[in-house]
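Reader: Please take me closely through a single loop and the elements that surround it, and then place that part in the chain as a whole. I would like every cut-off stated where a term first appears.

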Amino acid sequence: MAKEIWVYAQKDADVVKELLAKSQEIAKVIGEYKVCAVALGDDLKDAKNLGDLGAEKVYAVEHTSLKEYRCDLYAKAIEKLVQKYQPEYFFFGATAIGSELAPTVVALVKTGLAAHCIDLRYGKDRLNCMVPAFGGKVISEIYIPNARPVMASVRPGILQTEEAAKYEAELVCEDTSFLNDETSTEEFLGFEENQKDTNNIEDADVVVSAGRGITSDASWNALTQLADKVDGAIAWSRSFIDTGRVKDESSMIGTSGKSVKPKLLVNAGVSGAAQYVCGIARAKKVISINKDPKAPIFAYSDYGVVGDAEKILTAVAAKL
Ligand SMILES: Cc1cc2nc3c(=O)[nH]c(=O)nc-3n(C[C@H](O)[C@H](O)[C@H](O)COP(=O)(O)OP(=O)(O)OC[C@H]3O[C@@H](n4cnc5c(N)ncnc54)[C@H](O)[C@@H]3O)c2cc1C
C-alpha cells in the first residue's frame, strides 16, 4: 500500500484545488503521506501545473480515447492505476462527473466509497468522512475499516481549507497502450456549453436569499430590489421553491443545492434548517431577518433583525 493520498484532477473543476488542500491537511496529521493528483485526457502537457494547487506528484494518463470523458474508459484507466500503485486514499469531487466516476471505480477495484461528503476529518487513527444523513438532521461519520483505497467524493465549494503549499510536481506518465484495445459502450455525441449563469450564487460577493417567509409579491419585489441595489445574486431555500415564485433548484442553497461564500449574505424569511445552513458556512458576514426571535438561523448570523421581512427589506432598499 503506497503512502499516498490521491485526488482525481477533473479538468476545470474548482473542487480539485479544495481536495488537494484538504489532502495536505490530512497528510500533515498522519505524516509521511504524499498528496498526488490523477489527471486523464488526450493532452496533459499542463498536468505538472497541478503542483501549483498542492500536488507533489501527478499521475498522467494520456491517450486519444480519453479526449472526452466517458465513464467506462476513464474508470478502466483509473482501475489500472489503482491496481498498480495501490494508494491508501482516493478523493473525488462530487461533481456530475465525479458522482458517476467514483462509484464506477469503486465497483471495479472493490473498495468502499463515502459519497457526497461535506468534510473529511482524520482522527483516532482513521479517516472519518462526514456525510449528512436522515435528511441532514445528523452528520454521520463514515469510515472504511479494511478495504483500500478509502474512497470519498466531496461536494464542491464546501471544504474549509487553508491555501495549499505549492510543489514542483513529479510527473509520472503512465503506459496507456492497453487502451488501444478497449472500446467504449458510450458514444460521444457533442458538447453543449452551459448557458452563462447571470445569477451565479456560488461566486457572488453579495447574496440575498429568500425563504418561505417571503410570501407576498411586495416582499419578493423588495428582496429583488435590494439585491439589484447591492449588485447581489438571488438565492433561495428549498421551501421557497414551494411558493412558486421560482421554478427550480438552480440557485437553491443547501445540502442538495449549492454552497455560497459571499462577503455578505442576507437571509430573509429563512428558518435555518440544518440542510440550509450547511450551504452558508463559508459566508463571511451573515444578516438574517425573521419575525420569530427564536428562529435557528440567528445562531448562524452575525446580525439578526427580528421583524417582518417585507417591511425591513423595503426600508433598507429605500435607504440604499
Ligand atoms: C433530504 C432533504 C434535503 C434537503 N435539502 C435542502 C436544501 O438543500 N436546501 C434547503 O433550503 N432545504 C433543504 N431541505 C428542506 C429543509 O429541511 C427545510 O424544510 C427548508 O430549508 C426550510 O426552508 P425555509 O427556511 O425557507 O422555510 P421554513 O422552515 O418554513 O421557515 C420560514 C421562516 O420564515 C419566517 N417568516 C415567516 N413569515 C415571515 C415574515 N413575514 N417576515 C420574516 N420572517 C418570516 C418564519 O418565522 C420561519 O422561520 C431538505 C430536506 C430534506 C428532507
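**A loop beside an open sheet**

Author: D231 lies in the loop between α4 and β12, where helices (H or I, at least four residues) and strands (E, at least two) are DSSP runs numbered from the N terminus. The model is a predicted one, in which local features need pLDDT of at least 70 and side-chain atom pairs count only at pLDDT 80 or more, while totals for chains, interfaces and linings use all residues. Residue numbers start from 1 along each chain as its sequence is written.

The phi of D231 is positive, about 55°, although the residue is not a glycine. D231 counts as exposed because it has 9 C-beta neighbours inside 10 Å; the scale, with C-beta atoms placed from the backbone, calls a residue buried at 20 or more other C-beta atoms within 10 Å of its own, exposed at 12 or fewer, and partly exposed in between.

Beyond this loop, β12 belongs to an open sheet of five strands with the order β12-β11-β13-β14-β15 and parallel pairing, two strands being paired if DSSP finds at least two bridges between them. Strands β12 (233-236) and β15 (303-306) are the edges of this sheet, each pairing on one side only. From one strand to the next the twist averages 20°, with axes fitted as lines to C-alpha atoms, for helices over the stretch in contact, and angles from 0 to 180 degrees between N-to-C directions. Strand β11 (residues 206-210) runs parallel to strand β13 (residues 264-268) and is joined to it by five bridges, with S209 standing opposite N267 in β13. Helix α4 (residues 217-229) packs on this sheet and touches β11, β12 and β13, its direction making about 175° with that of β11.

To place this part in the chain, the domain assignment gives domain 1 (2-181) and domain 2 (206-319), bounds of this kind coming from an automatic or database assignment. The centres of the two domains, taken over C-alpha atoms, are separated by 34 Å. Nine residues of domain 1 are in contact with nine of domain 2, where contact requires C-beta atoms, placed from the backbone, within 7 Å. On the side of domain 1 that touches domain 2, the residues divide into three nonpolar, four polar and two charged; here Ala, Val, Leu, Ile, Met, Phe, Trp, Tyr, Cys and Pro count as nonpolar, Asp, Glu, Lys and Arg as charged, and the others, Gly among them, as polar.

The largest nonpolar core has 97 residues, of which V38 and A39 touch the most other members; such a core is a set of buried Ala, Val, Leu, Ile, Met, Phe, Trp, Tyr and Cys residues joined through C-beta atoms within 7 Å. Helix α2 (residues 71-85) supplies the largest share of this core, seven residues. Both domain 1 (2-181) and domain 2 (206-319) give residues to the core, so it lies between them.

V38 touches W6, V7, Y8, A9, Y59, I78 and L81, leaving aside residues up to four places away in sequence. One of these, Y59, is the bridge partner of V38 in β3, and strands β2 (residues 34-41) and β3 (residues 57-62) pair in the parallel sense over six bridges. Strand β3 also pairs in the parallel sense with strand β10 (residues 170-173), over four bridges, and the partner of A60 in β10 is C173.

Technical notes. Two residues are in contact if their C-beta atoms, placed from the backbone, lie within 7 Å.
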